[in-house]
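Welcome! Have a look at the structure below, then work through three short exercises with solutions.

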Amino acid sequence: MAVSDIVKQYEDEQGNVYYKMKTHDIEVQATQTSGLAPVITYWMGEKEITDDIRNLRFSPRPPSSYIQDYDEFQAMLYSKEQGAINKLYEQMSIKPKNMSSGKQIVWSFFVIFMAMLPLIIAIWWFK
């Protein structure tokens with residue numbers, strides 16, 4: 001029996017009822033719409049399950065108290081969330097991606113110099 005889209009109820013031979021996560025195959029996507037914080041959405045196949053994850057995480061009863069594999073599920077979700085956020089920030093970064101670390105340091109100094117150039121010109125102009 002399915003309790004929700006992500007939690008399933010099982011019954012053993014003695015008639016004891018327990019709950020497990022339906023699947024650990026969940027895709028996590030991070031997008032930037034507006035503001036500072038990214039928006040994280042959760043997908044199971046083609047179905048969005050963000051509200052189910054949110055309801056489970058913020059329920060009054062701690063999910064780890066009745067769902068057997070919830071701790072592993074949370075650890076998996078956390079790593080996927082971090083990966084999605086890192087991927088989003090890598091896409092938005094102006095840092096060059098195909099350079100050695102030495103060239104990236106030179107690039108950083110060049111960007112700082114270009115940002116400071118108007119200030120340097122203004123100081124030189126008003127002297």
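Two strands count as paired here if DSSP finds at least two bridges between them. Keep in mind that this is a predicted model.

**Exercise 1.** Work out in what order the three strands of the open sheet lie, and which strands are at its edges.

*Solution.* Start with the order: the open sheet runs β3-β4-β5, with antiparallel pairing. Next, look for strands that pair on one side only: these are β3 (27-31) and β5 (47-48), the edge strands. Now zoom in on one pairing: β4, residues 39-44, is joined to β5 in the antiparallel sense over two bridges. Within this part of the sheet, Trp43 stands opposite Glu48 of β5.

**Exercise 2.** Find which strands each of the helices α1 and α2 touches as it packs on the sheet.

*Solution.* Take α1 (residues 50-57) to begin with: this helix touches β4 and β5, and its direction makes about 105° with that of β4. Then turn to α2 (residues 70-92), which packs on the sheet against β3 and β4. The direction of α2 makes about 35° with that of β3.

**Exercise 3.** Decide whether Glu81 is buried or exposed, and list its contacts beyond four places in sequence.

*Solution.* First locate the residue: Glu81 belongs to helix α2. Its relative accessible area is 10%. Buried means under 20%, so Glu81 is buried. Leaving aside neighbours within four places in sequence, Glu81 is in contact with Val28, Ile40, Tyr42 and Arg57. Finally, check Arg57 again: its side chain and that of Glu81 are joined by a polar contact of 2.8 Å.

Note on methods. Residues are numbered from 1 along each chain as its sequence is written. This is a predicted model: local features need pLDDT of at least 70, side-chain atom pairs count only at pLDDT 80 or more; totals for chains, interfaces and linings use all residues. Side-chain values use heavy atoms; hydrogens and water are left out. Helices (H or I, at least four residues) and strands (E, at least two) are DSSP runs, numbered from the N terminus. Contact means heavy atoms within 4.5 Å. Axes are lines fitted to C-alpha atoms, for helices over the stretch in contact, and angles run from 0 to 180 degrees between N-to-C directions. Buried means under 20% relative accessible area, exposed over 50%, partly exposed in between (1.4 Å probe, protein chains only). A polar contact is a pair of N or O atoms within 3.5 Å; within protein, one must be able to donate a hydrogen and the other to accept it, and residues adjacent in sequence count only if both atoms are side-chain atoms.
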